[in-house]
Structures are given as C-alpha cells and as structure tokens.
Amino acid sequence: MLTFTFLISPSAEQLRQIIALYRMEGWWGEAPDDAELAARIIAGSHCFLTAARGSEIIGMGRALSDGASDAYIQDVTVKKTCRGQGIGTRIIEKIVDRLHQDGLEWIGLIAEKNSYQFYERLGFKKMPNSVPMLKKDYVA
C-alpha cells in the first residue's frame, strides 16, 4: 500500500532514506552532516511530502513559499525502480492541493533533465520570456 505523508519531524531512518533519494538524483554527494542538512531542509520547507510503501520511502517532493503569494515546487523524485506507476503525479497533485488549501495559487518550478513534459501533463506551462537562472557561490 502506498502512503503519502507531509513530514514535519522526520525520524533518523526517514532522513537516511531521504538523503539516499537526493544522492540517487545526483543532487547531493557524500557529506557527514547530511542528516542535519536534510532535517533543516524539511523544517524550512512550506511542505515536504514523502511517498512510501510500508516503511520504505520511494518518492518525495517539497514546496518553498512565503506563505502569502508564491510557491515553488522542487526536489521531486521517485526511485528509478518505482517510476511509471503514477507516484510522481500523485506527489505533485498532493503538493499542489496542499498549496491551494494554504491559499497559494501561483506555483512555479524548474523542470530538470527534460522533465518538462511530465509537468505539462499536470497543467504546468513554460513561462514566456523567462529563463531559469542560478547564482552559486562556493567558499573554499
């Protein structure tokens, strides 16, 4: 049975599995403080959703928001062995429903790795005259 849970205070085991999903996507490398970082990410998100079969987390997604006008969905992924079963679709639908319940109607995201067609099927459209941008400063 598949369950969806909005996490607030994840257990150590949930954090371990969430970190594994971040690493699976290549979003994170190995670092000794990953559990603390993952906990801070979950706590700082407007909402953080997991999809699980039993105690195994097989997917996740989250939204960032000011809580008043805009929200951004990010970090959506499903284990490769579980893809093609509608789990990612349900993650997005549940996050969007939660954002709407919280009064947020403007919902954006950046579709990575040619995933824009997945999001288009869920009602998202390319933003005309917009280019995703990133400023990433590293301190050595």
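How many bridges join strand S1 (residues 2-6) to S2, and in which sense do the two strands run? The answer is five bridges, with S1 and S2 running antiparallel. The model examined here is predicted.

## Strand S2 and its partners

Strand S2 covers residues 47-53, and six of its seven residues are buried. On the S1 side, phenylalanine 4 has alanine 51 of S2 as its bridge partner.

S2 also pairs with strand S3 (residues 56-65), again in the antiparallel sense, over seven bridges. Within this pairing, alanine 52 stands opposite isoleucine 57 of S3. Two residues lie between S2 and S3 in the hairpin that they form. The turn contains glycine 54, which has a positive phi of about 65°.

## Helix H3

Helix H3 comprises 15 residues, 87-101. Which span should be expected at 1.5 Å a residue, and what is found between the end C-alpha atoms? The expected span takes 1.5 Å times one less than the number of residues, so H3 should span 21 Å; its end C-alpha atoms are 21 Å apart, in agreement with that value.

The buried residues of H3 are Ile87, Gly88, Ile91, Ile92, Ile95, Val96 and Leu99. Their cover includes the strands S1, S2, S3, S4 and S5 together with helix H4. After H3 comes glycine 103, with a positive phi near 85°.

## The loop between S5 and H4

Lysine 113 is located in the loop between strand S5 (106-109) and helix H4 (116-121). Its phi is positive, near 50°, although lysine 113 is a residue other than glycine. Is lysine 113 buried or exposed? The cut-off for exposed is over 50% relative accessible area, and lysine 113 counts as exposed because its relative accessibility is 55%.

Asparagine 114 also belongs to the loop between S5 and H4. Asparagine 114 is not a glycine, yet it has a positive phi of about 60°. With a relative accessible area of 68%, asparagine 114 is exposed.

## A nonpolar surface patch

Which residues form a nonpolar patch on the surface? They are Tyr72, Trp106 and Met127, with about 310 Å² of accessible area together.

Tyrosine 72 is placed in strand S4 (residues 70-78). Its relative accessible area is 39%, so tyrosine 72 is partly exposed. That value lies between the limits of 20% for buried and 50% for exposed.

Conventions: Residues are numbered from 1 along each chain as its sequence is written. This is a predicted model: local features need pLDDT of at least 70, side-chain atom pairs count only at pLDDT 80 or more; totals for chains, interfaces and linings use all residues. Side-chain values use heavy atoms; hydrogens and water are left out. Buried means under 20% relative accessible area, exposed over 50%, partly exposed in between (1.4 Å probe, protein chains only). Helices (H or I, at least four residues) and strands (E, at least two) are DSSP runs, numbered from the N terminus. Two strands pair if DSSP finds at least two bridges between them. Patches are made of residues with over 30% relative accessible area and no salt bridge: like charges are joined within 9 Å, nonpolar side chains (Val, Leu, Ile, Met, Phe, Trp, Tyr) within 5 Å. Accessible areas come from the Shrake-Rupley method with a 1.4 Å probe; for residues, only the protein chains shown count as cover. A salt bridge is a side-chain nitrogen of Lys or Arg within 4 Å of a carboxyl oxygen of Asp or Glu. Contact means heavy atoms within 4.5 Å.
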